[in-house]
Amino acid sequence: MGKIIFYEDRNFQGHSYECGGECSDLHAHFSRCNSIKVESGNWMVYERPSYMGYQYFLKEGEFSDYQRWMGFNDCVRSCRMIPQHQGSHRMRIFERSEFGGQMTELTDDCPNLHERFHYNDIYSCNVMEGSWLLYEHPNYRGRQYLLTPGEYRRYNDWGSMSARVGSVRRIAM
């Protein structure tokens with residue numbers, strides 16, 4: 001069981017809300033979020049309700065202001081705990097939608113897709129094992145997208161407006 005605490009003000013001040021699981025709409029519990037404590041588990045927090053908008057990966061720790069979790073603003077409207085996975089990670093990425101074009105299988109982190117595979121874009125992917133984070137830019141920077149096991153036929157299936165992916169990281173315990 002995981003635990004995350006949201007605070008309206010920076011440095012863990014002001015009204016707080018404690019959450020132990022998935023919540024598709026946090027707006028009823030607080031109006032803004034300027035700091036977060038993750039007491040246990042790995043979490044994705046989302047800028048909009050129903051797991052939409054900017055996504056932010058948070059693991060155990062303290063984030064005294066939204067810039068500490070690479071947030072663009074103080075808006076957090078939904079969250080979910082990422083299931084723990086013990087074992088291998090495996091994902092196939094494709095250069096075209098609907099699993100078309102060249103395919104590459106990943107089993108490890110990749111800080112720069114272009115340098116390693118000469119890919120700038122991923123149009124579809126199939127996550128066979130483990131949970132993964134896609135980052136918009138190399139070296140784990142920019143917008144983040146959570147991928148759990150399943151098929152993603154187009155980049156908008158994982159919430160992106162673009163096929164641009166610069167780096168990929170496994171979510172390990």
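Which side chain meets R154 in a salt bridge? I looked this up first in the predicted model. The partner is E98, with N and O 2.5 Å apart. I then checked where the two residues sit. R154 is in the loop between β13 (150-152) and β14 (167-171), and E98 is in the loop between β8 and β9. The pair links distant parts of the chain, 56 residues apart. I also looked up the exposure of each partner. R154 is partly exposed at 38% relative accessible area, and E98 is partly exposed at 37%.

**Entry: the whole chain**

I went back to the overall description. I find one helix and 14 strands in the chain. The radius of gyration is 16 Å, close to the 16 Å that the globule rule gives for 173 residues, so the chain is as compact as a globular protein of that length. Along the principal axes, the C-alpha atoms fill a box of roughly 50 × 30 × 25 Å.

I noted the burial next: 43% of the 173 residues are buried. For the accessible surface I have about 8700 Å², and carbon and sulfur atoms account for 42% of that. For contacts, I took residues at least 6 apart in sequence; 67% of these contacts join residues at least 24 apart.

**Entry: charges and salt bridges**

How many positive and negative side chains does the chain have? I read 20 positive and 22 negative, with the centres of the two sets 3 Å apart. The salt bridge count comes to 13. I followed up two more of the pairs, besides the one at the top of the page.

E39 pairs with K3, and their closest N and O atoms are 3.1 Å apart. E39 lies in strand β3 and K3 in strand β1 (residues 3-9), so this bridge ties together parts that are 36 residues apart in sequence. I have E39 as partly exposed at 39% relative accessibility. K3 is partly exposed as well, with a relative accessible area of 26%.

E105 forms a salt bridge with R92, the closest N and O atoms being 2.8 Å apart. Strand β9 (residues 100-106) holds E105 and strand β8 (residues 90-96) holds R92, so the pair ties together parts that are 13 residues apart in sequence. The relative accessible area is 33% for E105, which is partly exposed. R92 is also partly exposed, at 30%.

I then asked which residues are linked with R92 and E105 in a network of salt bridges. The network consists of R90, R92, E105 and E129.

**Entry: two loop residues, N34 and Y51**

Is N34 buried or exposed? I placed the residue before answering: N34 lies in the loop between β2 (13-19) and β3 (35-40). N34 has a relative accessible area of 9% and is therefore buried, the cut-off being under 20%. Leaving out residues up to four places away in sequence, I listed what N34 touches: Y7, E8, D9, R10, S64, D65, Y66, W69 and D74.

I did the equivalent lookup for Y51, which is in the loop between β4 (42-48) and β5 (52-58). At 17% relative accessibility, Y51 counts as buried, because the cut-off is under 20%. Beyond its neighbours within four places in sequence, Y51 contacts E22, C23, S24, Y46, S78, C79 and R80. I also took one distance from Y51. G71 is 20 residues away from Y51 in sequence, and the C-alpha atoms of the two are 15 Å apart.

**Entry: positive phi**

I looked at backbone angles last. Most residues other than glycine have a negative phi. I noted two residues with a positive value.

M70 has phi near 65 degrees and is a residue other than glycine. I located M70 in the loop between β6 (61-63) and β7 (78-82). Its relative accessible area is 41%, so M70 is partly exposed.

N139 has phi near 60 degrees, again a positive value in a residue other than glycine. Where does N139 lie? I found N139 in the loop between β11 (131-137) and β12 (141-147). With a relative accessible area of 49%, N139 is partly exposed, because exposed requires over 50%.

Terms used: Residues are numbered from 1 along each chain as its sequence is written. This is a predicted model: local features need pLDDT of at least 70, side-chain atom pairs count only at pLDDT 80 or more; totals for chains, interfaces and linings use all residues. Side-chain values use heavy atoms; hydrogens and water are left out. Helices (H or I, at least four residues) and strands (E, at least two) are DSSP runs, numbered from the N terminus. The radius of gyration is taken over C-alpha atoms; the globule rule is 2.2 Å times the number of residues to the power 0.38. Buried means under 20% relative accessible area, exposed over 50%, partly exposed in between (1.4 Å probe, protein chains only). Contact means heavy atoms within 4.5 Å. Accessible areas come from the Shrake-Rupley method with a 1.4 Å probe; for residues, only the protein chains shown count as cover. Lys and Arg count as positive and Asp and Glu as negative; His and the chain ends are not counted. The place of a charge is taken as NZ of Lys, CZ of Arg, CG of Asp or CD of Glu. A salt bridge is a side-chain nitrogen of Lys or Arg within 4 Å of a carboxyl oxygen of Asp or Glu.
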